[in-house]
Amino acid sequence: GGYLIGTPCAVGADNDLKIIPEVITDFKTMMGESPEMMVYDRGADSTPNHGSLKDSGVKYDAIFRKGRKSLKDLSPRLMATARRERPLSEAGIATIKCHRYGFTKPRAKSVESCILKGHLAIFGANLTHFAKDLAGAVS
C-alpha cells in the first residue's frame, strides 16, 4: 500500500451511503483533480453515490455493488485493480486503529481532540512507511 491521507468527516457524513460526495470534494481539494477510479466497499452502493462519481468526472466507478452485479461495468483488468485496492484501503484503516498509533477507541474528550488523534495516527503510520521506504532505498 501507499501513504495514507485523510480529513475529518462532516457531522453525519460518516455513513457510507452518504460519504462519497464529501470524499470526492476532499480529494479534489488535496490533489487538484478528481480520482480516475473510486474503489469502495458494498456499504457505499447507493444511487446518489454512483451519481456523485459520474457528476464529478470519476472515470471508473468501482464501488462494489450488492448482489451478483458487482463491478460488471469494468474491464477484467480494472476489476482486478479494484479487488486489489479495496483490501489495501481496509488495511490502511486497520493500521491507524492499532495500539501503536493510538487511534483504537481514542479517549478524546472533544471532537477536536478526536480529529487530532486521527491526524497523529495517520502521521505516525506515514512516518513509519517513509522510514521503511528510505531504508529500502539506501540498501
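This is a short walk through one helix, the cysteines and one serine in a predicted model.

Okay, let's start with helix α4, which covers residues 111–138. How far apart should the ends of its 28 residues be? At 1.5 Å a residue, the expected span is 40 Å, and the end C-alpha atoms are 40 Å apart, so the two agree.

Now, which residues of α4 are buried? You've got Gly118, Ala121, Ile122, Gly124, Ala125 and Asn126. And what do they pack against? The partner is α3, residues 76–96.

On to the cysteines. Quick reminder: a disulfide is a covalent bond between the sulfur atoms of two cysteines. How many disulfides do we count here? The count is 0, with a cut-off of 2.5 Å between the sulfur atoms. Take Cys98: the nearest cysteine sulfur belongs to Cys114, and that sulfur is 16 Å away. That's well outside a 2.5 Å cut-off, so Cys98 is in no disulfide.

While we're on those two, are they buried or exposed? Cys98 has 29% relative accessibility, so it counts as partly exposed. Cys114 comes out at 31%, and that makes Cys114 partly exposed as well. For reference, buried means under 20% and exposed means over 50%.

Last stop, Ser52. You'll find Ser52 in helix α2, residues 47–55. Its relative accessible area is 18%, so Ser52 is buried, given that the cut-off is under 20%. And what does Ser52 touch, if we skip its neighbours within four places in sequence? Ser52 is in contact with Ile20 and Pro21.

How values were computed. Residues are numbered from 1 along each chain as its sequence is written. This is a predicted model: local features need pLDDT of at least 70, side-chain atom pairs count only at pLDDT 80 or more; totals for chains, interfaces and linings use all residues. Side-chain values use heavy atoms; hydrogens and water are left out. Helices (H or I, at least four residues) and strands (E, at least two) are DSSP runs, numbered from the N terminus. The expected span of a helix is 1.5 Å times one less than its number of residues. Buried means under 20% relative accessible area, exposed over 50%, partly exposed in between (1.4 Å probe, protein chains only). Contact means heavy atoms within 4.5 Å.
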